[in-house]
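Visitor: Please take one part of this model and go through it closely. I would like the sheet and what surrounds it, in one connected account.

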Amino acid sequence: MPTTAAATDPDVDHKPTQRWLADAERTDLSELVDTDRYPLHDVDDPRLQAEIARVREDLDREGCAVLRGFLRSDALEQARNEGRELATKSYYSSCRVNAWFTSDDESLPESDPRRHFMERTSGFVTRDMIPADTVIQQLYVSPAMKRLVAACLDEEEVFEYADPFAGLVQNVLPPGTEQPWHYDTNEYIVTMMTDIPDSGGEFQYCPNIRTPAGENYDGVGAVIRGEDTITPRTLLLRPGDLQLFKGRYSLHRVTRVGGQRERHTAIFAYSQQPGVVGRLERTRQLYGRVSEAHIEAEKRREERADGLLD
């Protein structure tokens, strides 16, 4: 039987209210996902296979793909309410960073994009603070979700992060904040917005602007300095959409949030092998703390195989 949590009010004569818990053996996501459109329970269903084929094509061409209306409306409302509650636990940081999160190198010319630093202010709620019965935890650990992500990425299998903080996080952007141009450390990222701001907070990206063969500093610098306004693309995202994105090769940002409402996004990070733990310094920058797992992993850290800057 699936794992559930039940809460009962002794003063009311009714059946206990059941709350699903995150369960790495649970394949039935019909309570959360629009399985009429995305039948995750049947990998051979032609509708699902067609969506997977489309996502692969979009990723190859654009480095980005979206499964529209992935969440059911009631599940989205639950995720929105949970996200607003989680936001009270956010760790906020503000710092000046370049697109690679590296330190300034005064040996480089001032025009080099690695010397272009931008203000980054955002909040994160780490996985250890996200309860097991939330919508996003249930999605993250489900084998049906992992199977979908792996199929879309044309991988045999994907795994949850072993990182106690990352893997699943909620990004919180209050009004007046933004995420400047940057890359992700992992090749792919899966995200889902759960709350949209009144204005701004747009996702912009430059498909495959760098490759394992090179950083393309000239092209990246033109985008960062605002000289190139043609390459960046703006993607309309709605709450409940599931986005897959090649964030390691595509420079991207979230524009400044306006109005009164925060922008909330769940970030589902999967890896091609088990046991992945985030880098020590970047973990400290993003979440304000590190764990023993990060310290021990850093001792065993090897250079990235693709040779790109993080």
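Guide: Two strands count as paired if DSSP finds at least two bridges between them. The model is predicted. On that criterion, four strands form an open sheet in the order β8-β14-β11-β12, with antiparallel pairing. At the edges are β8, residues 179-182, and β12, residues 233-235, each of which pairs on one side only. From one strand to the next, the twist averages 20 degrees.

The pairing at the β12 edge can be given by residue. Strand β11 covers residues 203-206 and is joined to β12 by three bridges, the two strands running antiparallel. Within β12, T234 is the bridge partner of Q204.

A helix accompanies the sheet. Helix α5, residues 217-224, lies across β8, β11 and β14. Its direction is at about 15 degrees to that of β14, which spans 251-254.

At the other edge, the loop that leads from β7 (168-173) to β8 contains T177. This residue has a relative accessible area of 9%. The cut-off for buried is under 20%, so T177 is classed as buried. Its side chain reaches the backbone oxygen of P174 at 2.6 Å. Apart from neighbours within four places in sequence, T177 is in contact with T121, T255, R256 and V257. The loop residue before β8 thus has a side-chain link to P174 and a buried position.

Definitions and conventions. Residues numbered from 1 in each chain as written. Predicted model: local features only at pLDDT ≥ 70, side-chain atom pairs only at ≥ 80, totals over all residues. Heavy atoms only, no water. Axes fitted to C-alpha atoms, helices over the stretch in contact; angles between N-to-C directions. Contact = heavy atoms within 4.5 Å. Buried < 20%, exposed > 50% of the residue type's maximum accessible area, 1.4 Å probe, protein only. Polar contact = N/O pair within 3.5 Å; in protein donor to acceptor, adjacent residues only side chain to side chain.
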